[in-house]
Amino acid sequence: MRRGVTSPPRLVAAAALLLATSVYGTTTAHAEDDPNDPPGTEPSASAPVEVDPNDPDLKLPDGATLARAKVLDIKSVVEEQSGDERREDTNTSVTLALQAEVLFGKDSSKLGAEATSRISGIAEEIRAQNATRVRVFGFTDDLGSSAHGDVLSKKRANAVHDVLSQSLNDAGITYEVRGYGEQYPIADNATEAGRKKNRRVEVSFPRSEP
């Protein structure tokens with residue numbers, strides 16, 4: 001995938017509704033004090049073809065109605081065997097997630113020795129996609145207080161943003177940087193393996209047009 005991959009990735013494909021936020025910061029953006037929007041609020045794919053519910057070819061049972069159409073993206077997920085890095089691709093966006101242990105010390109927002117090379121790899125991908133909008137979101141597990149997790153995830157998102165923006169050095173890129181604490185886990189917080197996955201920083205950006 002990128003620098004840092006030492007073992008064959010595991011590929012999982014699934015259909016999922018992709019959501020995208022609509023508010024972006026500036027090149028000096030930092031995590032908001034009170035984030036209240038989830039990591040996405042709008043479907044990314046175009047609207048489906050309209051279907052006439054009165055079309056006799058549908059052969060609906062008497063009294064039946066069509067359910068509201070849903071827009072689905074096909075999402076592929078590639079994760080390092082170690083779990084240190086995770087990549088999600090859809091037809092419209094790329095999301096790269098790094099586990100906190102790869103970037104920071106325990107309960108810290110100070111970037112470690114390996115962090116710069118990892119973040120530089122993400123910057124290379126952003127350049128390759130010619131992305132001009134980048135989201136940096138921090139997340140924690142559910143250990144400790146929720147307030148502490150909110151503060152820590154904000155600081156970690158800010159730290160990644162600072163290195164990423166310096167590496168890209170592009171005034172044409174806008175950033176949205178947020179800390180979500182223990183919200184939106186991707187694994188079960190009941191186990192340490194799950195909590196490790198949830199302690200992460202995600203960087204997402206649109207894919208370039210083919």
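In this predicted model, strand β7 is largely enclosed by the rest of the structure, because 6 of its 7 residues are buried. Buried here stands for under 20% relative accessible area.

Strand β7 (133-139) has pairing partners in β8 and β9, listed below with one pair of opposite residues for each.

| Partner of β7 | Sense | Bridges | Opposite residues |
|---|---|---|---|
| β8 | parallel | 6 bridges | R133 and T174 |
| β9 | antiparallel | 5 bridges | R135 and S204 |

The connection from β7 to β8 involves a helix: β7, α3 and β8 form a β-α-β unit, and this unit is right-handed.

Strand β7 also takes part in the largest nonpolar core, being among the elements that give two or more residues to it. This core holds 26 residues, and those with the most contacts inside it are I126, V134, V136, L164 and V203. Besides β7, the elements giving two or more residues are β6 (93-99), α1 (100-103), α2 (115-128), α3 (146-168), β8 (174-179) and β9 (200-206). Helix α3 is the greatest contributor, with 6 residues. In soluble globular proteins, nonpolar side chains tend to be buried together.

Which residues does V136 contact, leaving aside its neighbours within four places in sequence? V136 is in contact with A157, V160, H161 and L164, with E176, V177 and R178, and with V201, E202 and V203. Of these contacts, L164 and V203 are, like V136 itself, listed among the core residues with the most contacts inside the core.

Notes
Residues numbered from 1 in each chain as written. Predicted model: local features only at pLDDT ≥ 70, side-chain atom pairs only at ≥ 80, totals over all residues. Heavy atoms only, no water. Core = buried A, V, L, I, M, F, W, Y, C linked by side-chain atoms within 4.5 Å. Buried < 20%, exposed > 50% of the residue type's maximum accessible area, 1.4 Å probe, protein only. Helix = DSSP H or I, 4+ residues; strand = E, 2+ residues; numbered from the N terminus. Contact = heavy atoms within 4.5 Å. Pairing = 2+ DSSP bridges. Right-handed = clockwise from strand over helix to strand, strands pointing away.
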